[in-house]
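Colleague: I am new to this structure and would like a close look at one part of it. Please take a single strand and work outward from there.

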Amino acid sequence: MSKKPLIGITGDFRPEQKETQALSWFYTGYYDSVTDAGGIPIMVPPLADDDDLKQMLEQLDGLVLSGCALDLDPIRLGFEKHPASRAMPLRREDFDRRVCTMAMEMKMPLLAIGAGMQLMNVIGGGTLHQHVTEDVAGAMYHRDGVEANLRHIIDIVPGTRVDKMYGPGEIRVNSQHHMAVKYVSKMFVVSATAPDGVIEAIEVPDEDWFCVGVQWHPQNHSASALDMQVFENFLAACEEPEPQILQMPVRKAA
């Protein structure tokens with residue numbers, strides 16, 4: 001019986017406050033999606049030591065870089081902070097940068113979701129829009145403060161991994177972001193866009209390395225049944241090939 005892939009999942013973090021201790025947590029949709037796709041989820045806390053982190057990653061078959069309701073620090077990205085921006089805690093962003101860099105250096109199978117995709121692009125040398133509705137001419141709504149189930153269609157680039165995941169037909173995805181990829185890192189190609197041109201998915205154009213980022217949230221309760229194929233394709237890339245059994249020639253009796 002073949003072993004199931006071990007899939008690391010990064011979590012969220014809240015620093016210590018007046019009357020509460022520091023807290024890490026993981027949204028159920030991530031580990032349920034990994035389990036449903038045939039993997040065993042492993043929660044990855046924000047470890048402080050790089051050697052510990054590397055040892056942990058070496059035990060994994062793939063990594064999910066999770067999204068976040070908060071933003072990458074706009075000041076750190078060279079922006080003047082927009083009123084709509086709310087920076088994630090420093091420990092969370094620092095750890096996500098470290099684990100993403102290490103996983104990419106190791107060429108681990110990597111699925112980056114939401115802010116995880118934005119960070120992966122930044123680590124690769126790309127840039128971001130801080131506030132899509134002001135930065136992109138004719139931008140559609142990508143986040144609604146009232147409607148939690150906002151959805152829009154995406155245009156998928158033929159021949160990409162994302163194209164193979166979803167196949168033909170109109171694809172609608174959930175949307176809840178105000179930052180987005182602007183200039184794509186040279187190591188990635190665009191694999192999907194929204195009708196207004198906002199980049200919705202990127203990937204490394206290497207058949208031997210699954211490294212994909214999606215701006216939508218395939219693990220979310222507002223995802224469609226088709227979105228599960230993102231995790232299924234990711235898990236397939238994380239599985240070790242079955243060992244070949246060599247058949248020894250039968251020696252005939254003299």
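Modeller: What follows starts from strand β12 and moves out to the sheet, the helices and two loop residues. The model is a predicted one.

Strand β12 covers residues 199-203, and 5 of its 5 residues are buried. On one side, β12 is joined by 4 bridges to strand β11, residues 189-193, and the two run antiparallel. Two pairs place the strands against each other: valine 190 has isoleucine 202 of β12 as its bridge partner, and valine 189 stands opposite glutamate 203 of β12. The link between β11 and β12 is a hairpin with 5 residues between the strands. In that turn, glycine 197 has a positive phi of about 95°.

β12 also pairs with strand β13, residues 211-214, through 3 bridges, and this pair too is antiparallel. Here glutamate 203 has valine 212 of β13 as its bridge partner. Glutamate 203 therefore appears in both pairings, opposite valine 189 and bridged to valine 212, with the burial of β12 applying to it as well.Next comes the sheet as a whole. β12 belongs to an open sheet of 9 strands with mixed pairing, in the order β4-β1-β5-β6-β13-β12-β11-β8-β9. The edges are held by β4 (40-44) and β9 (171-174); each has a single partner strand, so one side of each is left without a neighbour in the sheet. From one strand to the next, the twist averages 25°. In a regular strand, side chains alternate between the two faces of the sheet.

Helix α1 packs on this sheet, touching β1 (6-10), β4, β5 (62-65) and β6 (110-113). The direction of α1 makes about 150° with that of β4.

α1, residues 28-36, also packs with helix α7, residues 228-238, at an angle of about 60° and with the axes 9 Å apart. That angle makes α1 oblique to α7. The crossing of α1 and α7 is right-handed. On the α1 side the contact is made by Tyr30, Ser33, Val34 and Asp36, and on the α7 side by Met228, Phe231 and Leu235. These residues of α1 and α7 divide into 5 nonpolar, 1 polar and 1 charged.

Two further helix pairs share α3. Helix α2 (residues 50-58) packs with helix α3 (residues 90-105) at about 50°, their axes being 11 Å apart. This makes α2 oblique to α3. Their crossing is right-handed. From α2, the residues in the contact are Asp50, Leu53, Lys54 and Leu57; from α3, they are Phe95, Arg98, Val99, Met102 and Ala103. The contact of α2 with α3 contains 6 nonpolar, no polar and 3 charged residues.

The other partner is helix α4, residues 115-123, whose axis comes within 10 Å of that of α3, crossing at roughly 65°. The crossing of α3 and α4 is right-handed. α3 contributes Asp96, Arg97, Cys100, Thr101 and Met104 to this contact, and α4 contributes Leu119, Met120, Val122 and Ile123. By type, the residues joining α3 and α4 are 6 nonpolar, 1 polar and 2 charged.

Two loop residues complete the tour. Serine 66 is found in the loop between β5 and α3. Serine 66 has a relative accessible area of 3%, so it counts as buried, the cut-off being under 20%. Not counting residues up to four places away in sequence, serine 66 touches Thr10, Gly11, Tyr30, Arg92, Ile113 and Gly116. Among these, Tyr30 also takes part in the contact of α1 with α7.

Valine 136 is found in the loop between α5 (132-135) and β8 (151-156). Valine 136 is likewise buried, because its relative accessible area is 14%. Leaving aside neighbours within four places in sequence, valine 136 is in contact with His129, Asp196 and Val198. The C-alpha atom of valine 136 is separated by 27 Å from that of cysteine 100, and the two residues are 36 apart along the chain. Cysteine 100 is one of the α3 residues in the contact with α4.

Terms used
Residues are numbered from 1 along each chain as its sequence is written. This is a predicted model: local features need pLDDT of at least 70, side-chain atom pairs count only at pLDDT 80 or more; totals for chains, interfaces and linings use all residues. Side-chain values use heavy atoms; hydrogens and water are left out. Buried means under 20% relative accessible area, exposed over 50%, partly exposed in between (1.4 Å probe, protein chains only). Two strands pair if DSSP finds at least two bridges between them. Axes are lines fitted to C-alpha atoms, for helices over the stretch in contact, and angles run from 0 to 180 degrees between N-to-C directions. Angles under 35 degrees count as roughly parallel, over 145 as roughly antiparallel, 65 to 115 as roughly perpendicular and the rest as oblique. A crossing is left-handed if the near helix is turned anticlockwise from the far one by less than a right angle, and right-handed if clockwise. Contact means heavy atoms within 4.5 Å. Ala, Val, Leu, Ile, Met, Phe, Trp, Tyr, Cys and Pro count as nonpolar, Asp, Glu, Lys and Arg as charged, and the others, Gly among them, as polar.
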